[in-house]
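Please look through the sequence and the model below, and then follow the explanation with both of them at hand.

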Amino acid sequence: MPLTVVDAADATAAQELVEAASTEPFDLAHGPLLRALLIRLAPEEHVLFLGKHHIVGDGWSVDLLLRDLVTLYRGTEPPALPVQYGDFAVWEAQELAGPAAQGHLQWWRQRLAGVTPLELPLDLPRPATQTYRGDFVEFTLDGATRDGLYALTHSYGGTLFMTLLAAYQVLLARHAGQEDFVVGASVAGRSVPELENVVGMFINMLPLRAELTGEPTFGELLERTRHSVLDALEHGEVPFAKVVHELGLPRDVSRSPVFQAMFVLQNYDIGRYAKVPGDSTVTFTWTPMELRATRFDIELHAVETVDGLWGKLVFNTDLFARETVQRMADRFGTLLRAVVAAPDTPVSALDLFAPVERLGLVAIWDDGDDLHAEPRAPYPHTREVLLTRA
């Protein structure tokens, strides 16, 4: 792995160098696929940028690289590895060639039969070829609402992942006016303890079909979602690319295959290894990068914090205006509070609007004849979401 060393006058200049390095493309044919840039601010102050292509490592791997770097810097040895990524690759190839994989693929073919794209209302015409330019809006959820979500989750024997996924499905359904679509979710793919310390690309995508038919209450949807997630995990050893190939869907180059919305709940402490006690004269600070890119129309990322939940909606800027996604983020918070307050409410009737936005919508509704609405059954509240002016 090449290491480039440069000097920077201050932190601002260092940040500019890091941002430039983060946008440099990788050459998959010739490499390197992992590179490092060391920026010298002072004799005892440096910024180290590590850049990697996703094909050689997932988010978990970044943390492992940081741990090993800190461990070596402090003069000790990283933990010994019982297996290498090559061992995993051989095992995966053998599994995919066996009868169990065919059973998994058959389940996915049945589960995803007849799936249609998620059609969220767009601010801009969808380009003929999918683009990846992205941005994001952030939001937070207070501790009381998070605790309410946990209580609701436990009453249904599920996990916070399942509850947030169900709520995300409601948000998307209410905006798109659809009751049948797929949301993608990433899973760690480290199914055995021996893989926990191995650097590599283990992450897999699970296409989780939303099931909002029949006017379910949120509690009923959560129960459906719990079963959907558990069933998908039972068949989750098959790589998503293999599933896509087996489905034989007509390729639409304007959007990602199978699903256009993604959900991620981060369940490990990013940068935790920089906090390991050691030489008090050396301080490590983890600074994650925020890339302005997306592979999907919209993505929800959530992380549990001390005070509640932090999240962001990542969106394709060639499809959505920032203001639109900001409203969706605000509505998601309102929706989660409504779910905690009344989980027996039908999902089509759960409140999406904070009082201030509802007053604004009412004012627009009462203003003149140039208003156009596009209600999409069976979700009557979508009529409010899709208010537009001629």
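How are helix 5 and helix 9 placed with respect to each other: roughly parallel, roughly perpendicular or oblique? In this predicted model, helix 5, which covers residues 143-155, packs with helix 9, residues 322-341, at an angle of about 50°, and their axes are 9 Å apart. Angles from 65 to 115 degrees count as roughly perpendicular and those under 35 as roughly parallel, and the two helices are therefore oblique to each other. Their crossing is left-handed. On the side of helix 5 the contact is made by T145, G148, L149 and L152, while helix 9 contributes L336, R337, V339 and V340. Sorted by character, the residues of this contact comprise five nonpolar, two polar and one charged.

A second part of the model to follow is a sheet. Strands of a sheet pair through backbone hydrogen bonds, in either the parallel or the antiparallel sense. Here three strands form an open sheet in the order 1-2-3, and the pairing is mixed. Strand 1 (3-7) and strand 3 (45-52) are the edge strands, each of them pairing on one side only. On average, and with direction ignored, neighbouring strands of this sheet are turned by 20° against each other.

Strand 2, residues 34-42, is paired with strand 3 in the antiparallel sense over eight bridges, and R40 stands opposite H46 in strand 3. Helix 1, which spans residues 11-22, lies across strand 1, strand 2 and strand 3, and runs at about 170° to strand 2.

Definitions and conventions. Residues are numbered from 1 along each chain as its sequence is written. This is a predicted model: local features need pLDDT of at least 70, side-chain atom pairs count only at pLDDT 80 or more; totals for chains, interfaces and linings use all residues. Side-chain values use heavy atoms; hydrogens and water are left out. Axes are lines fitted to C-alpha atoms, for helices over the stretch in contact, and angles run from 0 to 180 degrees between N-to-C directions. Helices (H or I, at least four residues) and strands (E, at least two) are DSSP runs, numbered from the N terminus. Angles under 35 degrees count as roughly parallel, over 145 as roughly antiparallel, 65 to 115 as roughly perpendicular and the rest as oblique. A crossing is left-handed if the near helix is turned anticlockwise from the far one by less than a right angle, and right-handed if clockwise. Contact means heavy atoms within 4.5 Å. Ala, Val, Leu, Ile, Met, Phe, Trp, Tyr, Cys and Pro count as nonpolar, Asp, Glu, Lys and Arg as charged, and the others, Gly among them, as polar. Two strands pair if DSSP finds at least two bridges between them.
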